[in-house]
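Me: Please take one part of this model and go through it closely, keeping each criterion beside the value that depends on it. I would like a connected account rather than a list.

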Amino acid sequence: GKEGKVAPMTLLIVGDSNTFGYRPGGGRYLPGDRWTDQVKQALPAERVRVEGQNGRVFFGRLCGLQGLADGSSVLRRTYAALQPETVLVQLGTNDLLYGVGVTVLADAMAAFLAPLAEQTRVIVLLPHAVDPLAGDLAFGPPWMVHACRALAEQLRAREDLARVRWVEVSDAGIDLFDGLHLSLDGHRETARKVLEAMDVHG
């Protein structure tokens, strides 16, 4: 028989500042330090499309945002264009910061992700926060810590999301500057856990 070339698999990553590679305190982590780059390096045969933007929410309609800040519309559009075999989603932190309730967000995520997970492999990087030592920053912690924990528990327990694979960074992976953004170690940990969820073992 004819040996055709195997088409490369496509991985779509859509997320917020932690996907963009925002460095706590300002700026951006260097290429190679970001978890997205580390995943790319481990998957040389795959096409990887990264759509990360600071401040992006999952559901613009719940937060009064639209365009590129609305993760659900970016996901819909890029999914339709690329038809990826795997979709990685790192959204929800900013929705919580905008005051969207945990259950409202979990319901919206389930309605969006459950049909997607019927068509393709879906991996969700769960929002995670720690209480920063500074404690008086304008960000969400410490209530954000509880909101992220409650959201993770609700999502993991949902039967309609049984096909979704969950990735959660440990407390040690969050930078204490603001309690919300990944540290360098957190980027390494995220890349490792994402590859595990994709069944890639280096």
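Reply: A helix pair and its surroundings

Helix α2 (residues 35-42) and helix α8 (residues 184-197) pack at an angle of about 40 degrees, and their axes lie 8 Å apart. That makes α2 oblique to α8, since angles under 35 degrees count as roughly parallel, over 145 as roughly antiparallel, 65 to 115 as roughly perpendicular, and the rest as oblique. The axes are lines fitted to C-alpha atoms, for helices over the stretch in contact, with angles from 0 to 180 degrees between N-to-C directions. The model is a predicted one, in which local features need pLDDT of at least 70 and side-chain atom pairs count only at pLDDT 80 or more, whereas totals for chains, interfaces and linings use all residues. Residues are numbered from 1 along each chain as its sequence is written, and side-chain values use heavy atoms, with hydrogens and water left out.

The crossing of α2 and α8 is right-handed, meaning that the near helix is turned clockwise from the far one by less than a right angle. On the α2 side the contact (heavy atoms within 4.5 Å) is made by W35, Q38, V39 and A42, which meet H187, R188, T190, A191, V194 and L195 of α8. These residues divide into six nonpolar, three polar and one charged; Ala, Val, Leu, Ile, Met, Phe, Trp, Tyr, Cys and Pro count as nonpolar, Asp, Glu, Lys and Arg as charged, and the others, Gly among them, as polar.

Within α2, the residues W35, T36, D37, Q38 and V39 are buried, a word that stands for under 20% relative accessible area. The cover over the buried residues of α2 includes α8, but also α1 (17-20) and the strands β1, β2, β3 and β4.

A residue outside both helices also belongs to this picture: L182, in the loop between β5 and α8. L182 is buried, with a relative accessible area of 2%. Leaving out residues up to four places away in sequence, L182 touches W35 of α2 as well as H187 and T190 of α8, and its other contacts are N18, P24, Y29, Q90, V169, G173, I174 and D175. For one of these, P24, the C-alpha atom is 7.8 Å from that of L182, although 158 residues separate the two along the chain.

The strands that help to cover α2 belong to an open sheet of five, in the order β2-β1-β3-β4-β5, with parallel pairing. Its edge strands, each pairing on one side only, are β2 (47-52) and β5 (165-167). Strands count as paired if DSSP finds at least two bridges between them, and strands (E, at least two residues), like helices (H or I, at least four), are DSSP runs numbered from the N terminus. Between β3 (residues 86-90) and β4 (residues 121-125) there are four bridges, and L88 has I123 of β4 as its bridge partner.

In the edge strand β2 lies E51, which at 18% relative accessibility still counts as buried. Apart from neighbours within four places in sequence, E51 is in contact with L12, I13, V14, G15, T19, R56, V74 and T78. Helix α4 (residues 71-82) lies across β1 (10-15), β2 and β3, and runs at about 170 degrees to β1.

Conventions: Buried < 20%, exposed > 50% of the residue type's maximum accessible area, 1.4 Å probe, protein only.
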